[in-house]
Amino acid sequence: MHPHLTHEPAETGYDKLLQGWLSGEMRLVNSGLPRERRRLSELLAEQQPAIGCSDGSQQMLKRSELGYLADLLDEEEQQTLLLPILIEMAGDETESVVLCPSDVELKVVSAVLGMKMNYEQPGRVRLYRPQLSLLRRKLKTTTQYAFSSRTVD
Amino acid sequence: MAQLIKVRPTKIELVKLKRRLKLSQRVQKIVKDRLSILTMEFLQAARETVTARKRTITAMSEAYKAVTVASGYHGYVALQKELVACEADITVTAGPRGVAGIKLPSLELNEPSGGLRGYNLTQTSSLVDSASDTSREALRAIIELAELQRGLELLGTEINRTKRITNALEYIVIPSLQATIRFLSMKFEERDREEKARLKRVKVMLARKEG
């Protein structure tokens with residue numbers, strides 16, 4: 001259809017630039033997201049544990065952090081825990097959500113923070129900024145931020 | 001006052017501007033979220049750097065003290081003879097770790113497996129053991145400090161860049177879009193009012209003609 005006949009006006013260069021900027025920022029902030037999450041038990045067996053990121057790079061995981069997580073969990077839980085643990089940013093800049101596909105993530109978060117955490121919604125644990133800071137201090141390479149489109153809207 | 005964008009005063013341009021404003025606000029939200037995360041990571045890294053720096057200085061001075069005492073006890077030549085045999089390459093695993101779109105360095109000292117020290121335990125005293133332990137601790141502290149300090153620099157640079165983008169959006173792009181939208185809306189309202197007044201006058205004139 002001819003652009004002048006549509007109800008929506010045609011995109012100008014400026015709109016395209018802004019759209020490009022938005023998608024560029026989204027791509028940039030999520031460039032560290034894993035292509036696939038890997039089990040703790042697998043990573044513990046590797047000499048140099050690493051995870052492939054969505055931008056094609058490799059994220060190194062510290063063996064000391066993996067050892068710390070292994071100490072918290074039994075063998076069955078080590079096979080269930082998928083790394084990195086994803087932290088979704090909520091829109092209001094003061095809160096964030098840890099995505100917990102299983103109860104093992106919840107156990108890890110509770111142990112790291114030293115307090116019992118509960119699901120806010122199934123598979124989602126809400127963290128406040130000081131808690132997030134504490135979690136990130138202890139698990140630098142085994143946690144990762146995720147900015148979703150839900151955050152944006 | 002925000003600068004007006006030069007556009008044709010048409011409804012189609014108004015729709016375009018409103019869409020641009022929505023997009024800009026979405027970009028601003030992402031950039032602000034990112035900035036807050038980077039700032040939090042920066043403050044944390046700064047606190048950790050201060051602690052790591054203190055720990056490095058303490059570890060280094062303890063290591064030097066221990067080596068001095070050990071060499072004083074055994075004699076410099078004898079100590080060096082023992083230590084030459086246990087020289088080992090230090091290996092550090094280095095790789096990037098991503099934080100909200102930037103790659104920070106991640107360094108980890110590979111500890112040698114097994115508890116063997118490499119020197120003759122029967123011919124040396126516990127002073128050499130202490131010197132070895134404190135030196136290893138100093139090495140660990142240096143590596144940790146290197147990682148934190150480089151990360152701090154990278155975070156600082158990225159915060160500056162992100163802040164410029166946020167400020168540009170907050171103080172220039174969005175206000176000028178809002179001002180232009182307001183200007184165009186007022187212009188259209190004014191045009192509508194003029195149109196209504198003209199129609200009324202035409203109606204009156206027609207009524208007069210018929211009458």
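I began with B:Leu127, which lies in helix H3 of chain B, and I keep in mind throughout that the model is a predicted one. I asked whether B:Leu127 is buried or exposed. With 18 other C-beta atoms within 10 Å, B:Leu127 comes out as partly exposed, because a buried residue would need 20 or more. Leaving aside neighbours within four places in sequence, I found B:Leu127 in contact with B:Val69, B:Ala70 and B:Tyr73. I then looked up one of these pairs by itself: B:Leu127 and B:Val69 stand 58 residues apart along the chain, and their C-alpha atoms are separated by 7.2 Å.

**Two helices of chain B**

Those contacts led me to the helices themselves. I looked up how helix H1 of chain B, residues 11-74, packs with helix H3 of chain B, residues 126-210, and I noted an angle of about 165 degrees with the axes 4 Å apart. H1(B) and H3(B) are therefore roughly antiparallel to each other, since angles over 145 degrees count that way. I also noted that the crossing of H1(B) and H3(B) is left-handed. Sorting the residues of the contact between H1(B) and H3(B) by class, I have 37 nonpolar, 16 polar and 15 charged.

**Where chain B touches chain A**

Next I turned to the contact between the chains, which takes 28 residues from chain B and 37 residues from chain A. On the side of chain B that touches chain A, I wrote down H1, strand S1 (92-99) and strand S2 (102-109), each of which supplies at least two residues. Which element of chain B gives the largest share of that side? I found that H1(B) does, with 19 residues. By class, the side of chain B that touches chain A has ten nonpolar, eight polar and ten charged residues.

**B:Ala100 and the nonpolar core**

I stopped at B:Ala100, found in the loop between S1 and S2 of chain B. Most residues other than glycine have a negative phi, and I noted that phi of B:Ala100 is near 45 degrees, a positive value. B:Ala100 is buried, with 25 other C-beta atoms within 10 Å. Not counting residues up to four places away in sequence, I have B:Ala100 touching A:Val29 and A:Tyr145 of chain A, and B:Arg34, B:Ile37 and B:Leu38 of chain B.

I then looked up the largest nonpolar core, which has 57 residues, and B:Ala100 is listed among the members that touch the most others, together with A:Leu83, A:Val98, A:Val108, A:Val109 and A:Val125. The largest share of this core, twelve residues, comes from H1(B).

**Chain A**

For chain A, I counted seven helices and eight strands. Of its 153 residues, 29% count as buried. Among contacts in chain A between residues at least 6 apart in sequence, I noted that 57% join residues at least 24 apart.

A:Leu83, already met in the core, came up again when I checked the peptide bonds. Most peptide bonds are trans, whereas the bond from A:Leu83 to A:Pro84 is cis, with omega near 0 degrees. I placed A:Pro84 in the loop between strand S4 (82-83) and strand S5 (85-89) of chain A.

Following strand S5 of chain A, I reached A:Glu88. A:Glu88 counts as partly exposed, with 15 C-beta neighbours inside 10 Å. I looked up its separation from A:Arg124, and A:Glu88 and A:Arg124 are 36 residues apart in sequence and 9.3 Å apart in space, C-alpha to C-alpha.

I did the same for A:Glu77, whose place is in helix H4 of chain A, residues 75-80. A:Glu77 is partly exposed, with 18 other C-beta atoms within 10 Å. From A:Glu77 to A:Lys107 I noted 30 residues in sequence and 9.7 Å in space, C-alpha to C-alpha.

Last, I asked at what angle helix H5 (residues 103-113) and helix H6 (residues 129-138) of chain A cross. Their axes come within 9 Å and cross at roughly 95 degrees, which makes H5(A) roughly perpendicular to H6(A). H5(A) brings A:Val109, A:Val112 and A:Leu113 to the contact, and H6(A) brings A:Gln131, A:Leu134, A:Leu135 and A:Lys138. By class, I have five nonpolar, one polar and one charged residues in the contact of H5(A) with H6(A).

Terms used. Residues are numbered from 1 along each chain as its sequence is written. Chains are lettered from A and ligands numbered from 1 in the order in which they are written. This is a predicted model: local features need pLDDT of at least 70, side-chain atom pairs count only at pLDDT 80 or more; totals for chains, interfaces and linings use all residues. Axes are lines fitted to C-alpha atoms, for helices over the stretch in contact, and angles run from 0 to 180 degrees between N-to-C directions. Angles under 35 degrees count as roughly parallel, over 145 as roughly antiparallel, 65 to 115 as roughly perpendicular and the rest as oblique. A crossing is left-handed if the near helix is turned anticlockwise from the far one by less than a right angle, and right-handed if clockwise. Ala, Val, Leu, Ile, Met, Phe, Trp, Tyr, Cys and Pro count as nonpolar, Asp, Glu, Lys and Arg as charged, and the others, Gly among them, as polar. A nonpolar core is a set of buried Ala, Val, Leu, Ile, Met, Phe, Trp, Tyr and Cys residues joined through C-beta atoms within 7 Å. A residue is buried if 20 or more other C-beta atoms lie within 10 Å of its own, exposed if 12 or fewer, and partly exposed in between; C-beta atoms are placed from the backbone. Two residues are in contact if their C-beta atoms, placed from the backbone, lie within 7 Å.
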